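Q: I'm new to this structure, so please take one spot and walk me through it up close. After that, show me how the rest of the chain is laid out around it.

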Amino acid sequence: MTHTYDFSKSGEGEYTIRPSETFHIIDDVTGEVVPITAEASAHTVNVTGTLRVPRQEVAKRASFNGCTAAQQTLLNAAATNAQSYAAAAASYLTTNTASTTRFTTWFGAWTSAHRSLVLDHYTKINSRSFASFTYDCTCTDSGTYAYVYPGT
């Protein structure tokens, strides 16, 4: 396993890096895990200058299968709205820890466990970026608005 260190947070200066010396291997004869030791010494470096150039984060964009330009526009707007609704629902459920008319209207009888389940679902929904999904416009079945691929 490798690790990296962001020197821009700690700044310029002298750093001593000590490598791992103990590793574990599986003995060919016994099949047991045994430690081995490598001879390694610390290395000291002086870090100066531009330590890191911030990377521009690029948001993943939705992809489309068989969608017209007009459908893509509508789907992008719908994805933005759906993300807002999911965030608002998760926020509402986090804030409201007792029964409300809004909760019982949409989800039925209120119990602490039921609220936790609904909150868990909306938290998971909100954690996904609707703008990163693939939208498939190839289905032409009348009255079909959405479908899933079982097992996916």
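A: Let's begin with a word we'll need right away: two residues are in contact when they have heavy atoms within 4.5 Å of each other. Keep in mind that this is a predicted model, where local features need pLDDT of at least 70 and side-chain atom pairs count only at pLDDT 80 or more, while totals for chains, interfaces and linings use all residues. Residues are numbered from 1 along each chain as its sequence is written, and side-chain values use heavy atoms, with hydrogens and water left out.

The spot to look at is isoleucine 36. Setting aside neighbours within four places in sequence, isoleucine 36 touches Glu21, Thr22, Phe23 and Ile25. Glutamate 21 is 15 residues away along the chain, and its C-alpha atom is 8.2 Å from that of isoleucine 36. Isoleucine 36 itself sits in strand β3, which covers residues 33-37. (Strands are DSSP runs of E with at least two residues, helices are runs of H or I with at least four, and both are numbered from the N terminus.)

Is isoleucine 36 buried, exposed or something in between? With a relative accessible area of 37%, isoleucine 36 is partly exposed. That label applies because buried means under 20%, exposed means over 50%, and partly exposed is in between, using a 1.4 Å probe and protein chains only. Isoleucine 36 also joins Phe23 and Ile25 in a nonpolar surface patch of about 240 Å². Patch members have over 30% relative accessible area and no salt bridge; nonpolar side chains (Val, Leu, Ile, Met, Phe, Trp, Tyr) are joined within 5 Å, like charges within 9 Å.

Now let's step back to the whole chain. The protein has 4 helices and 6 strands, and from the N terminus they run α-β-β-β-β-β-α-α-α-β. Of its 152 residues, 13% are buried. The accessible surface is about 12,400 Å², with 55% of that belonging to carbon and sulfur atoms; such areas come from the Shrake-Rupley method with a 1.4 Å probe, and for residues only the protein chains shown count as cover.

What about the inside? The largest nonpolar core has 5 residues: Ala62, Ala79, Ala86, Phe130 and Tyr135. A core here is a set of buried Ala, Val, Leu, Ile, Met, Phe, Trp, Tyr and Cys residues joined through side-chain atoms within 4.5 Å. Beyond its neighbours within four places in sequence, phenylalanine 130 is in contact with residues including Ala79, Ala86 and Tyr135.

There's also 1 disulfide, meaning a pair of cysteine sulfur atoms within 2.5 Å. It joins cysteine 67 to cysteine 137, with S to S at 2.0 Å. The two cysteines are 70 residues apart and link distant parts of the chain: cysteine 67 is in the loop between β5 (63-65) and α2 (69-95), and cysteine 137 is in the segment after β6 (134-136). The link is right-handed, with 85° about the S-S bond. Cysteine 67 is buried, at 13% relative accessible area.

Last stop, the charges: there is 1 salt bridge, a term for a side-chain nitrogen of Lys or Arg within 4 Å of a carboxyl oxygen of Asp or Glu. Lysine 124 pairs with aspartate 120, their closest N and O atoms being 3.1 Å apart. Both lie in helix α4 (residues 112-127), 4 residues apart, or about one turn of the helix. Aspartate 120 is partly exposed, at 32% relative accessible area.
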